[in-house]
Amino acid sequence: MLPSKESVFTVDTTGDGKADSIQIKVINLLLPFTVPENIEIGDFKLGSFDFNNINLSEYFSVFLDDRPLNLSKESLNVDTIKDYFSLFHKGESFNFDDILEGKLSGRTINLGDSVSILITLNPDTLSELTKGPHAVKIDSDFISNLIINFELDENNMNLKFDPKNT
């Protein structure tokens with residue numbers, strides 16, 4: 001689902017020639033599935049969650065190459081998350097509000113389809129994404145812990161983002 005050299009890219013979304021975001025491309029290698037109307041992960045129910053008062057650090061810890069990323073309410077607010085996060089499927093973009101409003105509900109992710117998560121990063125974090133192996137680790141009590149191992153090289157760094165190729 002996440003091949004090391006084919007799943008994570010640093011991309012330029014503005015056309016200025018500089019990477020400003022990270023694209024995580026997940027390929028469905030298991031079975032076709034339909035996105036449910038109500039997204040629930042463990043006890044976490046997306047539809048009944050108050051995102052205006054969220055402190056992500058209470059729910060998730062995210063590490064880039066074993067360095068913790070600051071997800072505190074003071075460093076990230078909902079508007080920041082909404083501005084920095086998009087999901088793409090078959091060239092169609094869904095922002096954070098779209099997902100909360102259920103606009104993904106009923107969408108079928110077929111075998112072989114890819115879904116891309118695009119996250120705008122600050123320049124300091126992007127500067128740490130150099131050529132070579134890296135890992136993003138997500139620790140949470142809500143979902144199984146996840147480690148995404150990836151490797152960056154000239155084939156997946158500073159690419160022009162193409163929403164049709166997601």
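Q: Before we start, what counts as buried, exposed or partly exposed here?
A: Buried means under 20% relative accessible area, exposed means over 50%, and partly exposed is what lies in between; please keep in mind that this is a predicted model.

Q: Okay, so is Asp-65 buried, exposed or partly exposed, and why?
A: Asp-65 counts as partly exposed, because its relative accessibility is 32%, which falls between the cut-offs of 20% and 50%.

Q: And what about its backbone, what's phi there?
A: Phi of Asp-65 is positive, at about 50°, although the residue is not a glycine.

Q: Where does Asp-65 sit?
A: Asp-65 lies in the loop that runs between strand 6, residues 60–64, and strand 7, residues 67–68.

Q: How do strand 6 and strand 7 pair, then?
A: Strand 6 and strand 7 run antiparallel and are joined by two bridges, and the bridge partner of Leu-64 in strand 7 is Arg-67.

Q: Which sheet is that part of?
A: The two belong to an open sheet of four strands, in the order 7-6-12-13, with antiparallel pairing. Strand 7 and strand 13 stand at its edges with a single partner strand each, so one side of each has no neighbour in the sheet.

Q: Staying with strand 13, is Ile-148 buried or exposed?
A: Ile-148, which is found in strand 13, is buried, because its relative accessible area of 7% is under the 20% cut-off. Its C-alpha atom is separated by 9.7 Å from that of Leu-64, although the two residues are 84 residues apart along the chain.

Q: What about Asn-145, where is that one?
A: Asn-145 is in the loop between strand 12, residues 132–140, and strand 13. Leaving out residues up to four places away in sequence, Asn-145 touches Ile-138, Asp-139 and Ser-140, and its C-alpha atom is separated by 9.5 Å from that of Phe-60, which is 85 residues apart from it along the chain.

Q: Switching topic, in what order do the strands of the six-stranded sheet run?
A: The order is 9-8-11-2-1-14, in an open sheet with mixed pairing. Strand 9 and strand 14 are the edge strands, each with a single partner strand, so one side of each is left without a neighbour in the sheet.

Q: How does strand 14 pair with strand 1?
A: Strand 1, residues 8–12, pairs with strand 14 in the parallel sense over two bridges, and Val-11 has Leu-159 in strand 14 as its bridge partner.

Q: Anything to say about phi of Asn-158?
A: Phi of Asn-158 is near 55°, a positive value in a residue other than glycine. Asn-158 is placed in the loop between strand 13, residues 146–152, and strand 14, residues 159–160, and counts as partly exposed because its relative accessibility is 39%.

Q: And at the other edge, how many bridges join strand 8 to strand 9?
A: Four bridges join strand 8, residues 85–89, to strand 9, residues 92–95, and the two run antiparallel. They form a hairpin with two residues between them, and Lys-90 in the turn has a positive phi of about 50°.

Q: What does Ser-86 stand opposite, and what does it touch?
A: Ser-86, placed in strand 8, stands opposite Asn-95 in strand 9. Not counting residues up to four places away in sequence, Ser-86 touches Ser-93, Phe-94, Ser-116, Ile-117 and Leu-118.

Q: Is Ser-86 buried or exposed?
A: Ser-86 is buried, because its relative accessible area is 18%, under the 20% cut-off.

Conventions. Residues numbered from 1 in each chain as written. Predicted model: local features only at pLDDT ≥ 70, side-chain atom pairs only at ≥ 80, totals over all residues. Heavy atoms only, no water. Pairing = 2+ DSSP bridges. Buried < 20%, exposed > 50% of the residue type's maximum accessible area, 1.4 Å probe, protein only. Contact = heavy atoms within 4.5 Å.
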